[in-house]
Amino acid sequence: MDPLSLVMASIGLVQTISSTYRAIQHIKGLPKAFQSVSDDLPLVEAILKSARDELSRQNSLAEDVKRSINTIIKRCHDNAQKLNTIFEKIKGKEQQESKDGKEWSVTEFYRNTLRSFGRLAKAHKVENLMKDLLQDLKKMALMQIFKTATAAQIEKVEKALLELENVEPSVPDSDFEEGESFRVEQKIASGGKGNQAINKGGEQHNIFGHHIDSGGGSINMGKIPES
């Protein structure tokens, strides 16, 4: 896809995110970082529109310039798509639970959504996705072809990045640490025997012939009582 088409597709995606946020902003307990991300969307859209206008005036682009723009805009589009996916998941969940008349925790649902990304959970926090998006837009704005069109917006980007650094985390990073406490419970029928294997944080613990009791802190081991 050529740079102009990528930019236009990204503009449409940002507009979709803004619309989705308006549909979920009323949800009780929605992390404040979502509001901060929403506040930055008009700036993102404005920079992309400036880029669109500048690209529309260009008769042709050198191949190396085209590749550089494509690389940056592709990352922007990908991060915007990830943001939209998270917003849409929350919107869908809210609509379903409202229909069923059930209470639910948006924070817990959002946390579990992030955990589904595995080791990339932290990178998918909405504030981090917006940081990455803004940093790439800043790189694009500093390119010679866009300097005149977006010079006034670079300062706004830097201010937005600073505010995102200070925003209350949508979910604490500690929620995704491999060393997070955990509890494992296994019930074995009376007189039954067997082996237990526990996998946590990429490390495999195989426990054979012993009883493990972990309350989230230290682990106490003792020989299984004779039947």
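Helices, here DSSP runs of H or I with at least four residues, are numbered from the N terminus, and the expected span of a helix is 1.5 Å times one less than its number of residues. This is a predicted model, in which local features need pLDDT of at least 70 and side-chain atom pairs count only at pLDDT 80 or more, while totals for chains, interfaces and linings use all residues. Residues are numbered from 1 along each chain as its sequence is written, and side-chain values use heavy atoms, leaving out hydrogens and water.

Begin by colouring the protein chain by pLDDT, the predictor's confidence in each residue from 0 to 100; the mean is 83, and 77% of the residues reach 70 or more.

Next, select helix 2, residues 32–57, whose end C-alpha atoms are 39 Å apart, in agreement with the 38 Å that its 26 residues should span at 1.5 Å a residue.

Now add helix 1, residues 3–24, which packs against helix 2 at an angle of about 155 degrees, with the axes 9 Å apart (axes are lines fitted to C-alpha atoms over the stretch in contact, and angles run from 0 to 180 degrees between N-to-C directions). Helix 1 is therefore roughly antiparallel to helix 2, a term for angles over 145 degrees, whereas those under 35 count as roughly parallel.

Then select helix 5, residues 126–141, which packs with helix 2 at about 20 degrees, the axes being 10 Å apart, so that helix 2 is roughly parallel to helix 5. Among the residues that meet here (contact means heavy atoms within 4.5 Å) are F34, L41 and L48 in helix 2 and M130, L134 and L137 in helix 5.

Notes. Helices (H or I, at least four residues) and strands (E, at least two) are DSSP runs, numbered from the N terminus. Angles under 35 degrees count as roughly parallel, over 145 as roughly antiparallel, 65 to 115 as roughly perpendicular and the rest as oblique.
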